[in-house]
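Visitor: Please take one part of this model and look at it closely. Then follow it outward into the rest of the chain.

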Amino acid sequence: MTNAKFSWYGNFYGIAWRSNAGNPIAVPLFVKKEESQKIAEIVKTWKPKDIHLTFIEKEDGTYAICIYQESDSGENIGLYRSGMSQTGTYGKIKQMIEKKSSMWNPLRAYIQIVYAENPADSKTYQNMTDYIIIGRLEIISESALQSKKFATEKDAHITLGGYSVEDTNNEN
């Protein structure tokens with residue numbers, strides 16, 4: 001990616017997790033329906049082989065998630081969220097990723113944009129997209145952002161790295 005410019009979107013409630021046939025699904029949750037529809041329309045146009053999902057693990061026990069479509073030029077939207085705990089569901093998803101990636105059956109990971117009228121009640125969730133397969137999934141440490149391979153993730157991290165779950169709970 002040489003000339004791609006990204007507008008990073010970090011104003012979503014958080015990440016929920018699902019699985020499909022033992023494969024992880026990262027679910028960005030939005031509590032404003034109009035915003036979820038806007039992002040869903042953009043994500044629906046992405047080419048699965050060009051979608052990147054990167055987990056950036058921080059030394060303080062939190063992680064960030066970065067989702068974008070690789071592009072050579074133009075203006076692009078990417079999703080970035082930090083300040084989430086590496087324990088609990090993320091720990092289980094990480095184990096699933098690590099275990100499955102070493103088996104004959106290759107890991108498939110997905111994203112799905114969801115509107116949640118009440119994020120604490122999954123019965124209020126409305127799927128804004130179907131499962132969208134991603135082309136590249138990586139779990140990296142924050143120090144790996146110094147590598148040219150992760151220049152896009154570094155851009156998101158610098159741009160929105162200050163966001164945390166507590167910072168944006170009431171912004172949607």
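**Strand β5 and its surroundings**

Guide: In the hairpin of β4 and β5, four residues lie between the strands, and Gly61 there takes a positive phi near 90°. This is a predicted model. The two strands of this hairpin, β4 and β5, pair in the antiparallel sense over seven bridges. Within that pairing, Leu53 stands opposite Ile67 in β5.

Now β5 itself. Eight of the eight residues of β5 are buried, so the strand is largely enclosed by the rest of the structure. In a regular strand the side chains alternate between the two faces of the sheet. Both faces of β5 are covered. On one side, Thr62, Ala64, Cys66 and Tyr68 are buried. On the other, Tyr63, Ile65, Ile67 and Gln69 are buried.

Next, the cores. In soluble globular proteins, nonpolar side chains tend to be buried together. The largest nonpolar core here has 28 residues. Those with the most contacts inside it are Trp17, Phe55, Ile65, Ile67, Leu79, Ile111 and Ile113. The elements that give two or more residues to this core are β2, β3, α1, β4 (51-57), β5 (62-69), β6 (75-85) and α2 (89-100). Apart from it lies another core, of twelve residues. Among its members are Phe6, Ile56, Cys66 and Leu160.

Leu79 is a good place to see how parts of the chain meet. Leaving out residues up to four places away in sequence, Leu79 touches Ile65, Cys66 and Ile67. Its other partners on that count are Trp8, Tyr9, Phe12, Pro28, Phe30, Ile39 and Ile113.

The aromatic residues come next. A pair of aromatic rings is described by the distance of the centres and the angle of the planes. The structure holds ten aromatic pairs. The rings of Phe12 and Phe30 have centres 5.5 Å apart and planes at 35°, so this pair is tilted. Phe12 lies in the loop between β1 (5-9) and β2, and Phe30 lies in strand β3, so the pair ties together parts that are 18 residues apart in sequence. Phe12 and Phe30 are both buried. The rings of Tyr63 and Tyr90 have centres 4.0 Å apart and planes at 15°, so this pair is stacked. It links distant parts of the chain: Tyr63 is in strand β5 and Tyr90 in helix α2, 27 residues apart. Tyr63 is buried, as is Tyr90. Ring pairs link Trp17, Phe55, Tyr63 and Tyr90 into a cluster.

From here, go to the other hairpin. Strand β2 (residues 14-20) and strand β3 (residues 23-30) run antiparallel and are joined by seven bridges. Gly14 has Leu29 as its bridge partner in β3. Two residues lie between β2 and β3 in this hairpin. Most residues other than glycine have a negative phi, and most peptide bonds are trans. Ala21 has a positive phi, near 50°, and is a residue other than glycine. Ala21 sits in the loop between β2 and β3. With a relative accessible area of 65%, Ala21 is exposed.

Helix α1 also contributes to the largest core. In α1 (residues 33-43), Glu35, Ser36, Ile39, Ala40 and Val43 are buried. Seen down the axis of α1, its buried residues fall within an arc of 130°, so they line one face of the helix. An α-helix has 3.6 residues a turn, so residues three or four places apart point the same way.

Two loop residues round off the tour. Ser122 is found in the loop between β8 (114-116) and β9 (125-127). Ser122 is exposed, with a relative accessible area of 53%. Ser122 and Ala16 are 106 residues apart in sequence and 9.7 Å apart in space, C-alpha to C-alpha. Tyr131 lies in the loop between β9 and β10 (132-133). Its relative accessibility is 38%, so Tyr131 counts as partly exposed. Neighbours within four places aside, Tyr131 is in contact with Asn20, Ile25, Tyr110, Ile111 and Gln112.

Finally, the whole chain. It has four helices and eleven strands. Buried residues make up 46% of its 172 residues. Among contacts between residues at least 6 apart in sequence, 66% join residues at least 24 apart. The accessible surface comes to about 8900 Å², of which 46% belongs to carbon and sulfur atoms.

Key. Residues are numbered from 1 along each chain as its sequence is written. This is a predicted model: local features need pLDDT of at least 70, side-chain atom pairs count only at pLDDT 80 or more; totals for chains, interfaces and linings use all residues. Side-chain values use heavy atoms; hydrogens and water are left out. Two strands pair if DSSP finds at least two bridges between them. Buried means under 20% relative accessible area, exposed over 50%, partly exposed in between (1.4 Å probe, protein chains only). The arc is that of the directions from the helix axis to the C-beta atoms. A nonpolar core is a set of buried Ala, Val, Leu, Ile, Met, Phe, Trp, Tyr and Cys residues joined through side-chain atoms within 4.5 Å. Contact means heavy atoms within 4.5 Å. Accessible areas come from the Shrake-Rupley method with a 1.4 Å probe; for residues, only the protein chains shown count as cover. Rings of Phe, Tyr and Trp (its six-membered ring) pair if their centres lie within 6.5 Å; planes under 30 degrees apart count as stacked, over 60 as edge-to-face and the rest as tilted.
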